[in-house]
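Please find below my notes on this entry, set out as numbered points. They begin with the fold of one chain and end with the contact between chains.

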Amino acid sequence: MLSLLGVAVVVIGFVARINPLLVVMTAAIVGGVAGGLDFFAVIAAFGKAFNENRFVSVTWLVLPAIGALERAGLQERARDLIVRIRAASVFSILCTYLLVRQVVAALGLTSLGGQATMIRPLIAPMAVAAAEGKHGMLSGPLRDAIRAQSAAAENVAWFFGEDIFVAVGSILLIKGVLEQNGIIVQPVQLSLWAIPTAVAAFLIHATRLFFFGRRVKRATRS
Amino acid sequence: MIGLGAVYGITGVMFAIIAVMSAADRDNPKRWSNAGFWGLFAASFLFGDRLGDFGNGLLVLAMVAIAGTVGLGLARPATTAPEERQILARKFGNTIFMPALAIPVVTVIGSLTFKYSSLIDPMQVTLVALALAALVALALARILLHQPVKAALQEGRRLMDLLGWAALLPQMLAALGAVFALAGVGTAISHIAAEIIPTGSRIAVIASYTFGMALFTAIMGNAFAAFPVMTIGIGLPLIVTKFGGNPAIMSAIGMLSGFCGTLTTPMAANFNLVPAALLGLENRYAVIKAQIPTAIILLAVNTVLMYALVFQK
């Protein structure tokens, strides 16, 4: 039970906006020691897991290429394209991305998309440009809000699209856990029952994007 | 065979170059801090397997100490001005999208085809494909857009500095999850859940399962950690055994209820905090703020869906 002190450290640290690396390290030491491990064992366990999880940081390999493209005017080109399309709006761009990304993820092509490779260089500048093309220069907070919505569309689409594909990690995990408890299910059954939630996720988020688009319009009019 | 070793080697070399460039950057008052941070990250990728568990732990402690006390500076390497970029964008036209689109396209093609190649470790096809995609994009930027590799690396450094601590956080949280598992955090939470879960009615049990999945996921930052605990603790004994629910439907919707939790938590740093840093947002929780209403409504919908679907005749 005492190990829950580690969770408390995380919650307090994140709420107080202390440097997250300090928060995580402290939480590991507090939670580990309170849970009965000695200090050196905690550091070793942390180091071992850190080393085993290096693969999550491999995505940063794409940043030099993305940066080079930005240097050559990628964001500006994306903006130019959007300003020319009269129908383009924050809603139409983000809603289209949401739909396409979700369908593509459902087909198992989960790497088509991503915060570093699609949202920062292309989708967020397009959404901002669509608003600016219609309403003129935006305030800083409004531009930030549009960018944040672009990142959110990526997450919602990915999370609630990928489970429709049979060979994705979460489906295999479910199959494994149920199997250990003597229940055999086929991955395709699990994917099938992910569809109602996927449809609901799209409808809910698309509706919210619609109202967000209206809010952008109203904010720029005043 | 090309596998993790090669991918980590390339990543390590990239961070080593970024560290050296940081050290040489006299405009950054914290240049030694940046050089040390990225240099240690490079060392982790290049020599991590030879440092031993405790050695790796010390390496992390040193990185945390640098970022958490002295802090990292923000590099502003010489780059093109906005007006220049506008002119370049007109000049290159849509050619400029080719290297950008090459990244996802090469990653997808690679992850689908590399398993048939004996040259590549079949367990690591996606990571190898991603590394290859990054190199292809870099080469295309060099050939089609005349972007020198050195300039690309400086731009990479600019973006890494923009990320700063956020670049390390996903890996740190994965390690925290491992320590929490050792310390018994999961079992402690499932004990508490077992104490307070109402077992009487179907809807109460289902709501406990879906909301429990979301809450536990928000705490651990990962639905994969929550799923076994909640399913073995609540789902199987109560929804399936006691009330006769369908385990496939329960699990599918249960996992997606966990994903609702992922949308709300800074613990899922790579989805929620990293993009905010990458987009240079003022508020580090802005992406979470944009997602919370969707997460709450969808969690309620999931609960209703499970109630309506799980008890099949």
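1. In this predicted model, chain A contains 11 helices and zero strands, and the order of its elements from the N terminus on is accordingly α-α-α-α-α-α-α-α-α-α-α. The radius of gyration of chain A is 22 Å, well over the 17 Å that the globule rule gives for 222 residues, so chain A is more spread out than a compact globule. Taken along the principal axes, the box filled by the C-alpha atoms of chain A is roughly 60 × 45 × 35 Å.

2. On the division of chain A, the assignment gives domain 1 as residues 4-52 and domain 2 as residues 62-221. Between the C-alpha centres of domain 1 and domain 2 of chain A there are 32 Å.

3. One helix pair of chain A deserves a closer description. Helix α8 (residues 140-162) and helix α11 (residues 195-221) of chain A have axes that come within 10 Å and cross at roughly 170 degrees; because angles over 145 degrees count as roughly antiparallel, α8(A) is roughly antiparallel to α11(A). From α8(A) the contact draws on A:Leu142, A:Ile146, A:Gln149, A:Val156, A:Phe160 and A:Gly161, while α11(A) supplies A:Thr197, A:Ala198, A:Ala201, A:His205, A:Leu209, A:Phe212, A:Val216 and A:Ala219. Sorted by class, the residues of this contact comprise 10 nonpolar, four polar and no charged.

4. As to confidence within the chains, chain A averages a pLDDT of 92, with 100% of the residues scoring at least 70. Among the elements of chain A, the highest mean pLDDT, 96, belongs to α8(A), a partner in the helix pair described above, and the lowest, 88, to helix α9 (residues 169-180) of chain A. Chain B likewise averages a pLDDT of 92, and 100% of its residues score at least 70; among its elements, helix α13 (residues 286-309) of chain B has the highest mean, 97, and helix α8 (residues 185-196) of chain B the lowest, 79. The helices called α8 in the two chains should therefore be kept apart when these values are quoted, since α8(A) has the highest mean in chain A and α8 of chain B the lowest in chain B.

5. Turning to the contact between the chains, 111 residues of chain B are in contact with 97 residues of chain A. On the side of chain B that touches chain A, helix α2 (residues 31-70) of chain B gives the most, with 14 residues, and the classes on that side are 82 nonpolar, 23 polar and six charged residues. The model as a whole scores ipTM 0.91 and pTM 0.89.

Key. Residues are numbered from 1 along each chain as its sequence is written. Chains are lettered from A and ligands numbered from 1 in the order in which they are written. This is a predicted model: local features need pLDDT of at least 70, side-chain atom pairs count only at pLDDT 80 or more; totals for chains, interfaces and linings use all residues. Axes are lines fitted to C-alpha atoms, for helices over the stretch in contact, and angles run from 0 to 180 degrees between N-to-C directions. Helices (H or I, at least four residues) and strands (E, at least two) are DSSP runs, numbered from the N terminus. Angles under 35 degrees count as roughly parallel, over 145 as roughly antiparallel, 65 to 115 as roughly perpendicular and the rest as oblique. Two residues are in contact if their C-beta atoms, placed from the backbone, lie within 7 Å. Ala, Val, Leu, Ile, Met, Phe, Trp, Tyr, Cys and Pro count as nonpolar, Asp, Glu, Lys and Arg as charged, and the others, Gly among them, as polar. Domain bounds come from an automatic or database domain assignment. pLDDT is the predictor's confidence in each residue, from 0 to 100. The radius of gyration is taken over C-alpha atoms; the globule rule is 2.2 Å times the number of residues to the power 0.38.
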